[in-house]
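These are my notebook entries on one structure. I set out to look up its pocket, its ring contacts and its charged pairs.

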Amino acid sequence: MIAQRLGMVIGVKPEKLAEYKRLHAEPWPEMDAALSAANIRNYSIYLREPENLLFGYWEYIGTDYAADMKTLGDKAITKKWLALTDPCQMPLKTAAAGDWWSTLPEIYHLD
């Protein structure tokens, strides 16, 4: 099985940084299970301060990314989680129209 590696970046509002950290310090087992069911593995979020940039990385091991992401997005637990985390975030000024997290193309990988 070959994993598809994905990277993304978004800003976090300075006044919401403590809340964002708190939410991720105690992740919900149901949300983690939903991510795993969507074939997401090795998911990490990094924080760059003082710029307040979040960098997310995960590996997708499924065969239908669009369908898995739709199923994940339709779950009640995902909607509940995003209702708490989305207000903490702010898309980059250079984000494409309609993008929340900005995806990053992979330009190098060492196994």
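**Entry 1: the largest pocket**

I began with the largest pocket, which holds about 860 Å³ of space. The model I consulted is a predicted one. I then asked which residues lie nearest the centre of this pocket. They are Met8, Leu35, Tyr43, Trp58 and Leu82, out of 33 residues that line the pocket.

Next I looked up the elements that give two or more residues to the lining of the largest pocket. I noted the strands β1 (4-12) and β2 (40-48), together with the helices α1 (17-25), α2 (29-37), α3 (65-74) and α4 (76-85). The largest share of the lining comes from β2, which gives six residues. Sorted by class, the lining has 18 nonpolar residues, eleven polar ones and four charged ones.

**Entry 2: aromatic pairs**

How many aromatic pairs does the structure hold? I found four aromatic pairs. One of them joins Tyr43 and Trp58, with 5.1 Å from centre to centre and 80 degrees between the planes, and this pair is edge-to-face. Tyr43 belongs to strand β2 and Trp58 to strand β3 (residues 53-60), so the pair links distant parts of the chain, 15 residues apart.

I also asked whether each of the two rings is buried or exposed. Tyr43 counts as partly exposed because its relative accessibility is 32%, and buried means under 20%. Trp58, at 10%, is buried.

I then turned to Tyr60 and Tyr65. Their ring centres are 5.0 Å apart and their planes stand at 85 degrees, so this pair is edge-to-face; the cut-off for that class is over 60 degrees. Tyr60 is buried, with a relative accessible area of 2%. Its partner Tyr65 counts as partly exposed, at 29%.

**Entry 3: a charge over a ring**

I looked up what sits over the ring of Trp28. The charged end of Lys80 does, at 5.4 Å from the centre of the ring.

**Entry 4: salt bridges**

Side chains of opposite charge can pair when their charged atoms come close. I therefore looked for such pairs, counting a side-chain nitrogen of Lys or Arg within 4 Å of a carboxyl oxygen of Asp or Glu. The count comes to five salt bridges, and I recorded three of them, namely those of Glu106 with Arg5, Glu51 with Arg48 and Lys70 with Asp74.

In the pair of Glu106 and Arg5, the closest N and O atoms are 2.7 Å apart. Glu106 is in the segment after β5 (102-104) and Arg5 is in strand β1, so this salt bridge ties together parts 101 residues apart in sequence. Glu106 is partly exposed, with a relative accessible area of 45%, and Arg5 is partly exposed at 27%.

The side chains of Glu51 and Arg48 meet at 2.9 Å, N to O. I noted Glu51 as partly exposed at 42% and Arg48 as partly exposed at 48%.

Where do Lys70 and Asp74 lie? Both lie in helix α3, four residues apart, which is about one turn of the helix. The closest N and O atoms of their salt bridge are 2.7 Å apart. Lys70 is exposed because its relative accessible area is 53%, and exposed means over 50%. Asp74, at 45%, is partly exposed.

Key: Residues numbered from 1 in each chain as written. Predicted model: local features only at pLDDT ≥ 70, side-chain atom pairs only at ≥ 80, totals over all residues. Heavy atoms only, no water. 1 Å grid on protein atoms, 1.4 Å probe; cavity = no way out; pocket = protein on both sides within 12 Å on 5 of 7 lines; lining within 4 Å. Points joined across faces, edges and corners; volume = space filled by probe spheres on them. Nonpolar A, V, L, I, M, F, W, Y, C, P; charged D, E, K, R; others polar. Phe/Tyr/Trp six-rings, centres within 6.5 Å; stacked < 30°, edge-to-face > 60°. Buried < 20%, exposed > 50% of the residue type's maximum accessible area, 1.4 Å probe, protein only. Lys NZ or Arg CZ within 6 Å of the ring centre and 35° of its normal.
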